[in-house]
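Hi everyone, thanks for coming. Let's walk through a structure together, starting with a small puzzle.

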Amino acid sequence: MKLRKIALLFVLFSFFAGCGGVNFNSIDNIPLPPDITIHSEGKSAKITISWLFEGNKNNELYRAVRSFNKVEAAIGEWTDGNIKEIKPVKSSFAPGKDEKELVSYFAQGTLPKSENFSAETPIFIKFTAGEKVYKFISTVKDATPDKENKPTALTLIPYFEKTLRGLNIYTLVFRKFTVKDEYHPDGEKYRVRIYNQKGKMVWASDYNADFTQALEKVKPEEEGANYLYNQYWDGKDISGEKAEPGLYEFRITIPAFPIPYQTSVYYQWGK
């Protein structure tokens with residue numbers, strides 16, 4: 001056990017000392033650690049990095065994530081053969097609650113596994129934001145999906161796209177692990193309900209909707225995969241009138257059985 005700890009400390013030291021020529025004193029810890037998930041695939045492993053938070057320009061993490069221009073990772077040791085750049089799948093910054101922005105960041109990549117790959121194998125991630133460099137260190141054990149420690153099989157990452165007359169409400173969904181006998185009870189796969197600041201429902205994608213009774217599997221089906229859901233809102237309430245400008249809560253649901261997946265985000269609509 002002591003030898004294993006000494007070996008891990010040596011690897012950490014090697015990472016800092018040889019982190020692409022970056023001086024140890026110039027590397028800072030990320031204020032809020034990202035959610036890291038890893039799926040072993042033969043001689044390689046798929047790694048997923050995600051954040052979802054509300055921040056503003058005075059928040060260090062907000063500034064860092066907005067300015068990421070390079071993300072690199074390695075499993076086992078920080079060497080030229082192991083280092084791979086992790087490309088973002090989606091990152092977005094949308095107006096949110098109390099003049100804050102909803103910051104969502106989602107990146108995936110495939111890394112080579114070390115020869116002594118195990119639960120204690122370290123995972124190194126280096127985030128470069130302009131001239132500043134951040135680090136994050138985890139282990140395979142902490143990043144491997146576990147139904148007991150990580151009971152949520154799906155991670156929901158919503159973001160918005162303003163159009164000329166309405167709003168596209170996207171949710172990028174990432175699967176950590178499969179759930180036995182999971183399915184959609186009917187044809188509704190993605191639900192969005194919008195509430196004003198008084199808690200009154202303004203609009204809902206399932207309002208007066210008639211869904212089929214066909215049972216379908218919940219996407220994405222495979223572990224480590226992601227799927228993009230989208231719902232368009234024309235900016236009108238359920239009576240067909242234009243919604244007043246203001247702060248709205250968007251309650252998003254993937255209506256799955258036996259457990260539905262939900263999240264809630266805010267968006268400043270109109271001027």
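Here's the puzzle: does K176 count as buried or exposed? Keep in mind that this is a predicted model. K176 has a relative accessibility of 8%, and because buried means under 20%, this lysine counts as buried. And there is a partner: K176 forms a salt bridge with D35, with the closest N and O atoms 3.2 Å apart. The two come from distant parts of the chain, 141 residues apart, with K176 in the loop between β11 and β12 and D35 in strand β2. D35 itself is partly exposed, at 27%.

The structure holds 14 salt bridges, so let me show you a few others. E72 meets K126 at 3.3 Å, N to O. That pair joins strand β4 to strand β8, across 54 residues, and both E72 and K126 are buried. E72 also pairs with K70, at 3.8 Å, and K70 is partly exposed, at 33%. Then there's a network in which shared partners join E188, R191, R193 and D206.

Now for the nonpolar side. The largest nonpolar core has 29 residues, and W51, F68, I125 and F127 touch the most other members. Strand β3 gives this core its largest share, five residues. Take F68: beyond its sequence neighbours within four places, its contacts include W51, Y105 and F127. Apart from that core lies another, of 28 residues, with L167, V202, Y248 and Y267 among them.

Last stop, the second largest pocket, at about 250 Å³. Its lining includes K162, R165, D234 and W269, and divides into four nonpolar, two polar and five charged residues. Thanks, everyone!

How values were computed. Residues numbered from 1 in each chain as written. Predicted model: local features only at pLDDT ≥ 70, side-chain atom pairs only at ≥ 80, totals over all residues. Heavy atoms only, no water. 1 Å grid on protein atoms, 1.4 Å probe; cavity = no way out; pocket = protein on both sides within 12 Å on 5 of 7 lines; lining within 4 Å. Points joined across faces, edges and corners; volume = space filled by probe spheres on them. Nonpolar A, V, L, I, M, F, W, Y, C, P; charged D, E, K, R; others polar. Core = buried A, V, L, I, M, F, W, Y, C linked by side-chain atoms within 4.5 Å. Buried < 20%, exposed > 50% of the residue type's maximum accessible area, 1.4 Å probe, protein only. Helix = DSSP H or I, 4+ residues; strand = E, 2+ residues; numbered from the N terminus. Contact = heavy atoms within 4.5 Å. Salt bridge = Lys/Arg side-chain N within 4 Å of Asp/Glu carboxyl O.
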